[in-house]
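Dear colleague,

I am handing over a structure that will be new to you, and I would be glad if you could look it over before reading my notes.

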Amino acid sequence: IEGAIAILKIRLAKYYPALNSGQTKLQLSLGNIRSIRVILIGAINRPGTYTLPSLANLFNALYVSGGPVENGSLRNIELIRNNRVIQKADLYDFLVNGDLSANIRLEDNDVIRVPFATNMITLNGQLNRPGIFELHDNESLKDAITYAGGFKSKAFKGRITGSRYSD
């Protein structure tokens, strides 16, 4: 709306010079927003078809559906449009760094697929945010500790113990 107001102000200023001085005001409001249908599938709390406002984005749809299940991936969420993956979203980029670049606007009949997580690590102890974290194949324990918010100030960092469960 702000962009539309700016364009209208420039174009109408020829006919209403008082718009530039502020003596005349321009107000624009949006009457109706159309709806779109989005399908959420995979490791999601409430999979199904959702009707959302046309201004909705990927994170809005994840929120409405309850987000990924406990073992659902937060790192490889796929936005599928016209049978092609057009965006892979990593929610850790947003949660850790505030990066919203993967939060793109949705279109009618988009599909959001949340796969199950493959590499998970449980961190507990003197961490700011103990929990279960998902790692990519190229990430290390240092990355996991970063996702956990680092160590608390009273943590002893001289020894870390761990167990690995694998085939």
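The notes below go from the overall layout to the cores and then to a single residue.

Please bear in mind that this is a predicted model, in which local features need pLDDT of at least 70 and side-chain atom pairs count only at pLDDT 80 or more, while totals for chains, interfaces and linings use all residues. Residues are numbered from 1 along each chain as its sequence is written, and side-chain values use heavy atoms, with hydrogens and water left out.

The chain contains 5 helices and 7 strands, where helices (H or I, at least four residues) and strands (E, at least two) are DSSP runs numbered from the N terminus. Their order along the sequence is α-α-β-β-α-β-β-α-β-β-β-α. The C-alpha trace spans about 75 × 40 × 25 Å along its principal axes. The radius of gyration of the chain is 23 Å, whereas a compact globule of 167 residues would have one near 15 Å; this radius is taken over C-alpha atoms, and the globule rule is 2.2 Å times the number of residues to the power 0.38. Of the 167 residues, 32% count as buried, a term that means under 20% relative accessible area with a 1.4 Å probe, protein chains only.

As for the interior, the largest nonpolar core (a set of buried Ala, Val, Leu, Ile, Met, Phe, Trp, Tyr and Cys residues joined through side-chain atoms within 4.5 Å) has 20 residues, and among those with the most contacts inside it are Val38, Leu40, Leu62 and Ile112. At least two residues of this core come from each of strand E1 (35-42), strand E2 (48-53), helix H3 (58-64), strand E3 (77-81) and strand E5 (110-114), and the largest share, 4 residues, is supplied by H3. Leaving aside neighbours within four places in sequence, Leu40 is in contact (heavy atoms within 4.5 Å) with residues including Pro47, Tyr50, Ala61, Leu62 and Ile112. There is also a second, separate core of 9 residues, which includes Tyr92, Phe133, Leu135 and Ala144.

Finally, Asn103 lies in the loop between helix H4 (91-97) and E5, and Asn103 counts as buried because its relative accessibility is 18%. Apart from neighbours within four places in sequence, Asn103 is in contact with Asn57, Leu58 and Phe59. Asn103 and Gln87 are 16 residues apart in sequence, and their C-alpha atoms are 9.2 Å apart in space.

With best wishes

Note on methods: Buried < 20%, exposed > 50% of the residue type's maximum accessible area, 1.4 Å probe, protein only.
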